[in-house]
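Good morning, everyone, and thank you for making the time. I would like to walk through one structure with you, going from a single loop residue to the contacts between side chains.

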Amino acid sequence: MIKNAYIIIITSSELSDMRLEEVAGYRGILVEDLSQDRKTNRGGLVLLEKAYMDEFLWFIPEESISYEET
């Protein structure tokens, strides 16, 4: 995972399992990689540009992270 990269959140079964389907399409910055040395629950903390449920910082599964092209 690329820390401090801009990402777009995309739909995945993991995101649905977390009941966060509504956050798909949001843009943010990956601020912390939480997938190192993990076989399950791989993902990262993403700082969203606009709040979702009054929060800006969310754990997003790796499968739902799409890096923006520069």
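Before I place anything, a word on terms: when I say helix or strand, I mean a DSSP run, of at least four residues for a helix and at least two for a strand, and the elements are numbered from the N terminus. Please also keep in mind that what you see is a predicted model.

With that in hand, let me begin at S12, which sits in the loop that runs between β1, residues 6–9, and α1, residues 13–17. Is S12 buried or exposed? Its relative accessibility is 10%, and because buried means under 20%, S12 counts as buried. The side chain of S12 comes to 3.1 Å from the backbone nitrogen of L15, and, if we leave aside residues up to four places away in sequence, S12 touches E63 and S64.

The next residue I would like to point to is S13, which belongs to helix α1 and, with a relative accessibility of 48%, counts as partly exposed. From S13 to R42 the separation is 29 residues in sequence and, from C-alpha to C-alpha, 13 Å in space. A second pair of this kind starts from R19, in the loop between α1 and β2, where the relative accessibility of 69% makes R19 count as exposed. R19 and S64 are 45 residues apart along the sequence, while their C-alpha atoms are 13 Å apart in space.

Let me turn now to the aromatic residues. How many aromatic pairs does the structure hold? There are two aromatic pairs, and the one I will describe is formed by Y26 and Y52, whose ring centres are 5.9 Å apart and whose planes meet at 80°, so the pair is edge-to-face. Since Y26 lies in the loop between α1 and β2, residues 27–33, and Y52 in strand β3, residues 43–52, the pair ties together parts that are 26 residues apart in sequence. Y26 is buried, at a relative accessible area of 15%, and Y52 is buried as well, at 7%. If we follow the ring pairs, we arrive at a cluster made up of Y26, Y52 and W58.

From the rings I move on to the charged side chains. A search through the whole structure returns three salt bridges, and I will take them in turn.

In one of them, the side chains of R27 and E49 meet at 2.2 Å, N to O. R27 lies in strand β2 and E49 in strand β3, so this salt bridge ties together parts that are 22 residues apart in sequence. Both partners count as partly exposed, R27 at 28% relative accessibility and E49 at 49%.

R27 also meets the side chain of E68 in a salt bridge, at 2.5 Å, N to O. Here E68 is in the segment after β5, residues 65–67, and R27 is in strand β2, so the parts tied together are 41 residues apart in sequence. E68, with a relative accessible area of 28%, is partly exposed.

The remaining bridge takes us back to R42, whose side chain meets that of E62 at 3.1 Å, N to O. This pair links distant parts of the chain, with R42 in the loop between β2 and β3 and E62 in the loop between β4 and β5, 20 residues apart. R42 counts as partly exposed at 30% relative accessibility, and E62 does so at 26%.

Which residues do salt bridges with shared partners join into one network? They are R27, E49 and E68.

Finally, I would like to look at the nonpolar surface, where L47, F56 and L57 make a patch of about 260 Å². Of these residues, F56 is found in strand β4, which covers residues 55–61, and F56 is partly exposed, with a relative accessible area of 40%.

To bring the threads together, I would ask you to keep two groups in view as we discuss: the ring cluster of Y26, Y52 and W58, and the salt-bridge network of R27, E49 and E68. Thank you, and I am happy to go back to any of these residues.

Key:
Residues numbered from 1 in each chain as written. Predicted model: local features only at pLDDT ≥ 70, side-chain atom pairs only at ≥ 80, totals over all residues. Heavy atoms only, no water. Buried < 20%, exposed > 50% of the residue type's maximum accessible area, 1.4 Å probe, protein only. Polar contact = N/O pair within 3.5 Å; in protein donor to acceptor, adjacent residues only side chain to side chain. Contact = heavy atoms within 4.5 Å. Patch = residues over 30% accessible without salt bridge, like charges linked within 9 Å, V, L, I, M, F, W, Y side chains within 5 Å. Areas by Shrake-Rupley, 256 points an atom, 1.4 Å probe, with all protein chains shown as cover. Salt bridge = Lys/Arg side-chain N within 4 Å of Asp/Glu carboxyl O. Phe/Tyr/Trp six-rings, centres within 6.5 Å; stacked < 30°, edge-to-face > 60°.
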